[in-house]
Amino acid sequence: MAIEILMPALSPTMEEGSLTKWLVKEGDPIQSGDILAEIETDKATMEIESVDDGIMGKLLVDAGSENVAVNTVIAVLLEDGDDADALPTATAPAHQPEPSKPDVADEPATTSETLISPPAFEPVVQMDVPAGTKMVETTIRDALRDAMAEEMRRDEDVFLIGEEVAQYQGAYKVSREMLEEFGSRRVIDTPITEHGFAGLAVGAAFTGLRPVVEFMTFNFAMQAIDHIINSAAKTRYMSGGQMACPIVFRGPNGAASRVGAQHSQDYAPWYGHVPGLKVVAPYDAADAKGLLKSAIRDPNPVVFLEHELMYGETFDVPDVEDWLVPIGQALVRREGTDATITAHSRMVGFSLQAAEILSQEGISVEVIDLRTIRPLDEETILASVRKTNRLVTAEESWGRMGIGAEIAAMVTEGAFDYLDAPPKRVHQVETPLAYAANLESLSMPNPERIAQAVREVCYV
Amino acid sequence: MSGSSPKSKKISKKKKNVSNYDSTELLHYYREMLQIRRFEEKAGQLYGMGLIAGFCHLYIGQEAVVVGMQAAIEDGDQVITGYRDHGHMLTLGMEPRGVMAELTGREGGYSKGKGGSMHMFSTEKNFFGGHGIVGAQVSLGTGLAFANSYRGNDRVSLAYFGDGAANQGQVYESFNMAKLWDLPVIYVIENNHYAMGTAIVRSSSETHLHKRGASFGIPGVEVDGMDVLAVKEAGEMAVAHARAGKGPMILEMKTYRYRGHSMSDPAKYRTREEVNSVRAQSDPIEQLKQTIFEAGFADEAALKEIDKEIKAIVNDAADFAKDSPEPDPSELYTDVLA
Ligand SMILES: Cc1ncc(C[n+]2csc(CCOP(=O)(O)OP(=O)(O)O)c2C)c(N)n1
Ligand SMILES: [Mg+2]
């Protein structure tokens, strides 16, 4: 069979080029590696080599031709036994390779070489809490610890790694008593090498282990953000679904108290921006526990944002076996009719306080706890705004490009006709966080500021 | 270094030969170290009173390191460190009032109250911070040296960091560039044996941190960081090396912090006896005091006098820091962009 030689694309953007010079004649014997022609693109002059052996049968494009489209047949090479007379003489039309279509009737390809089959995953559904269920007062700190410990008992592949997590029991004492129970094989103190141990944990997750990576605070995860985004979030996609990265990155996020600009930042919008990640930011202890357990079971990388100022707060946790809360579902924490507030993490408490203040003024506020930042529960938010017709968002991060900006855009797209006022965003002021007590409190949202925003969207 | 393999040696002056020193010099070091100690004790006190908040890392025990190194550099040389930075600032001659008022978050602080304990700077004194992210100052300090090399001046920079910080990747990226370009930087590792609650043997495969430059061709020296004179001599050697265009050097200062990592550290990872024994055997201030007595440079009464003067300075700084007003609310929006 004669071999068609096509005009090659020499860069990802090249669509056509000039064939400046032929370096062979018809009838020349050709060996693979011989240079056949010179081609000029807008960027450079390049040579084309033959990849086959044979006799040059026909040169179909004249030397000096410009605007030769990529994939045009420019010459035909004869193999042994080919007849030169049967060859076409005119320039062949552009030759497009057939896209290969998946054949739906085929059995799914099963290959024993598949690296890792994604771990079996049963989606978590919201559990009912039957009436009469015992409630246990639990701090968020202990709820998180219980979640990790339960999952580690259940699954040998789960382990905890980070700075000071083992002997010191966690910088914020979240991993209290875990070293005793699980030993140093599964509760692992690292050197201060966030980039290194995050990468190591992602590598372990590629093999199917389920690391829980504690960052002492998310401020220090900045050292490791390359692995969180480039290695963890993108690998499933880049491997065409072949690889999984079941990992949890967790730790305190947001402003603590008077620790200055480098230690005070809410990363929810940073990670919320990234496809391939799930991002969770619980408010109370039941959610902290149920969502962390779900995160550990999730086959995807999950960024789990805790709040240092909430660790010691106590809430009821249902005393049921295997308490799970699904990722991706917001929760209406308080029902109301006049305005909707969306919030996550510590701001949920502030929003509930704001709602209380406002109820005394006769304004009925619905408070939505986002719980998951990515994927965002659009339905719950839109349903609420369709009812209340007004939206205020509250968050600790900066406003520009923030969670509130995203929700406001989503609501304007999805419920524009229902809005009676432009949405309002409450957030940290657009400066690094100051150390001074007065400047710090001027910077951060508080219940009164959230209440004021609601009054403004209600025009009172 | 001219291709020779990096040397590592030990500088310690347990047997003190003070014939090279006069009384003015030794009393100066005494005063400087004591000022840091008293200042830090006062800061601890103010923290306990709720006047200082957030993270506050005290330098008590490590005073000989900065005081000795300061004696080895000249005006115009630069200094950068992490969050345990109060001692560095005082030794560079920054005002105790301004430092203390930053700790209380007041207008009179070096950063107008906006930085806090971990984030203070003085362009006047060539102090480049005050950084809260462990390891960051190593790359930044290498950059200070790069700028000196670029400008062709003969300034050197000191980049101080801890034994824990020595495990950060950017430290080694910096080492490589520093030697590749022979940058005039001295890496002063303050090895106080702990990174928060992690003893160095639990975090480091090679605990002799002065050897960490070996694969880059950076010479390293282990120094008794509790002996201000040993520090000064090692510092002078390293500074001469860097200033002569021979590139970086690593000084591993073996030292110890007496207090917890920060004010909120219960310090359960080591025994009280361990702390007490270091204090009793190698306290930098006590050691120098003995040397001063033995050389006959001062008597107990003269040192008491110094102590009194320092107490007055520190009390004045504390009063200033309490009385200085909070920054004006309008300061919230200043200094974000030029
Ligand atoms: C990148 C980063 N990770 C973690 C921390 C939290 N942290 C602050 S200080 C510290 C220990 C550092 O120890 P070392 O370098 O030995 O210095 P020392 O405190 O002993 O002076 C840690 C883990 C941080 N500030 N930055
Ligand atoms: Mg240390």
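Tutor: A nonpolar core is a set of buried Ala, Val, Leu, Ile, Met, Phe, Trp, Tyr and Cys residues joined through side-chain atoms within 4.5 Å, where buried means under 20% relative accessible area, exposed over 50%, and partly exposed in between (1.4 Å probe, protein chains only). This is a predicted model, in which local features need pLDDT of at least 70 and side-chain atom pairs count only at pLDDT 80 or more, whereas totals for chains, interfaces and linings use all residues. Residues are numbered from 1 along each chain as its sequence is written, chains are lettered from A and ligands numbered from 1 in the order in which they are written, and side-chain values use heavy atoms, with hydrogens and water left out.

Student: Which helix of chain B gives the largest share of the largest nonpolar core?

Tutor: The largest nonpolar core holds 64 residues, of which B:Met69, B:Ile186 and B:Leu251 touch the most other members. Its largest share, 9 residues, comes from a helix of chain B (a DSSP run of H or I with at least four residues, numbered from the N terminus, strands being E runs of at least two), namely α1 (residues 23–48).

Student: How many residues make up another core that lies apart from the one around B:Met69?

Tutor: Leaving out residues up to four places away in sequence, B:Met69 is in contact (heavy atoms within 4.5 Å) with B:Leu158, B:Tyr160, B:Ile186, B:Val188, B:Val231, B:Gly235, B:Leu251 and B:Met253. Apart from that core lies another, with A:Val158, A:Phe182, A:Tyr283 and A:Ile296 among its members, and its residue count is 58.

Student: What is the radius of gyration of chain B?

Tutor: Chain B has 11 helices and 8 strands. The globule rule (2.2 Å times the number of residues to the power 0.38, with the radius taken over C-alpha atoms) gives 20 Å for 338 residues, and the value for chain B is close to this, so the chain is as compact as a globular protein of that length, at 19 Å.

Student: And what is the radius of gyration of chain A?

Tutor: Chain A has 12 helices and 22 strands, and its C-alpha atoms fill a box of roughly 95 × 60 × 50 Å along the principal axes. A compact globule of 460 residues would have a radius of gyration near 23 Å, but that of chain A is 30 Å.

Student: What percentage of the residues in chain A are buried?

Tutor: Of the contacts in chain A with a separation of 6 or more, 76% are between residues 24 or more positions apart. In chain B, 59% of the 338 residues count as buried, while for the 460 residues of chain A the share of buried residues is 54%.

Student: Which peptide bond of chain A is cis, and where does its proline lie?

Tutor: Most peptide bonds are trans. The bond from A:Arg374 to A:Pro375 is cis, with omega near 0°, and A:Pro375 lies in the loop between β20 (372–374) and α9 (378–388).

Student: Is B:Lys112 buried, partly exposed or exposed?

Tutor: B:Lys112 sits in the loop between α4 (96–103) and α5 (136–151) of chain B, and its phi is near 55°, a positive value in a residue other than glycine. With a relative accessibility of 32%, B:Lys112 counts as partly exposed.
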